[in-house]
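These are my notebook entries on one structure, written for a reader who has not met it before. I set down what I looked up, topic by topic.

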Amino acid sequence: MIDGKYAIALQTPIGSMRGSITLVTSEEKLSGTLEVNGSRYPFSGGSVHGERCSFSSDFNTAFGRIRVNIDGTVHDDLFKASGNTPMGMITAVGHRNSKP
């Protein structure tokens with residue numbers, strides 16, 4: 001089960017950031033919310049297969065709104081993910097704070 005809220009550290013083309021991500025599954029479907037720099041970015045339509053997850057979301061940046069496709073894994077309480085943007089690669093690593 002990957003459900004829960006994770007404190008994450010992000011590496012982006014414009015620098016390091018801290019935030020959180022909440023993952024919610026229903027069978028093999030994934031939804032949730034990414035929170036970074038005081039903004040919330042809900043997503044849905046993602047997928048889960050065992051420890052692997054993927055989702056897409058639109059994010060507001062200093063350069064405008066961009067779409068990011070994220071692929072990640074959750075092993076025990078460790079979340080790791082990466083995604084490509086028009087500006088470059090984003091990576092995220094974090095630990096689960098709470099389970100539902």
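Entry 1, terms. Strands are DSSP runs of E with at least two residues, numbered from the N terminus. I note at the outset that the model is predicted.

Entry 2, Asp 58. I located Asp 58 in strand β5. Asp 58 is partly exposed, because its relative accessible area is 28% and the partly exposed class lies between 20% and 50%. Beyond residues up to four places away in sequence, I found Asp 58 touching Tyr 41, Arg 65, Ile 66 and Arg 67. One of these contacts is a salt bridge: the side chains of Asp 58 and Arg 67 meet at 3.2 Å, N to O. I recorded Arg 67 as partly exposed, at 46% relative accessibility. I also looked up Asn 69, which is 11 residues from Asp 58 along the chain; the two C-alpha atoms are separated by 9.0 Å.

Entry 3, Ser 57. Ser 57 is found in strand β5. Is Ser 57 buried or exposed? I recorded a relative accessibility of 4%, so Ser 57 counts as buried. With residues up to four places away in sequence left out, Ser 57 touches Tyr 41, Pro 42, Phe 43, Ile 66, Arg 67 and Val 68.

Entry 4, Ile 66. I then turned to Ile 66, whose place is in strand β6. Ile 66 counts as buried, because its relative accessibility is 11%. Not counting residues up to four places away in sequence, Ile 66 touches Ser 57, Asp 58, Phe 59, Thr 61, Thr 85, Pro 86 and Met 87. Thr 85 is 19 residues from Ile 66 along the chain, and their C-alpha atoms are separated by 7.2 Å.

Entry 5, Met 87. I found Met 87 in the loop between β7 (78-85) and β8 (88-98). At 33% relative accessibility, Met 87 is partly exposed. Together with Ile 14 and Phe 63, Met 87 forms a nonpolar patch on the surface, and the three have about 310 Å² of accessible area together.

Entry 6, the core. I looked up the largest nonpolar core and found 24 residues in it. The residues with the most contacts inside this core are Ile 2, Tyr 6, Ile 21, Leu 23, Leu 30 and Phe 79. Which element gives the most to this core? I found that β6 does, with four residues. For Leu 23, I looked beyond its neighbours within four places in sequence; its contacts include Ile 2, Tyr 6, Leu 30, Phe 43, Val 74 and Phe 79.

Entry 7, aromatic pairs. A search of the whole structure gave three aromatic pairs. In one of them, Tyr 6 and Phe 79 are tilted, at 5.6 Å centre to centre and 45° between the planes. Tyr 6 lies in strand β1 and Phe 79 in strand β7, 73 residues apart, and the pair links distant parts of the chain. I recorded both Tyr 6 and Phe 79 as buried.

Entry 8, salt bridges. I counted three salt bridges. Besides the pair in Entry 2, Glu 35 and Arg 40 meet through their side chains at 3.3 Å, N to O. Glu 35 is partly exposed at 24% relative accessible area, whereas Arg 40 counts as exposed at 55%. The side chains of Asp 77 and Arg 96 form a salt bridge at 2.7 Å, N to O. Asp 77 lies in the loop between β6 and β7 and Arg 96 in strand β8, so this pair ties together parts 19 residues apart in sequence. I recorded Asp 77 as partly exposed, at 34%, and Arg 96 as buried, at 10%.

Technical notes: Residues are numbered from 1 along each chain as its sequence is written. This is a predicted model: local features need pLDDT of at least 70, side-chain atom pairs count only at pLDDT 80 or more; totals for chains, interfaces and linings use all residues. Side-chain values use heavy atoms; hydrogens and water are left out. Patches are made of residues with over 30% relative accessible area and no salt bridge: like charges are joined within 9 Å, nonpolar side chains (Val, Leu, Ile, Met, Phe, Trp, Tyr) within 5 Å. Accessible areas come from the Shrake-Rupley method with a 1.4 Å probe; for residues, only the protein chains shown count as cover. A salt bridge is a side-chain nitrogen of Lys or Arg within 4 Å of a carboxyl oxygen of Asp or Glu. Buried means under 20% relative accessible area, exposed over 50%, partly exposed in between (1.4 Å probe, protein chains only). A nonpolar core is a set of buried Ala, Val, Leu, Ile, Met, Phe, Trp, Tyr and Cys residues joined through side-chain atoms within 4.5 Å. Contact means heavy atoms within 4.5 Å. Rings of Phe, Tyr and Trp (its six-membered ring) pair if their centres lie within 6.5 Å; planes under 30 degrees apart count as stacked, over 60 as edge-to-face and the rest as tilted.
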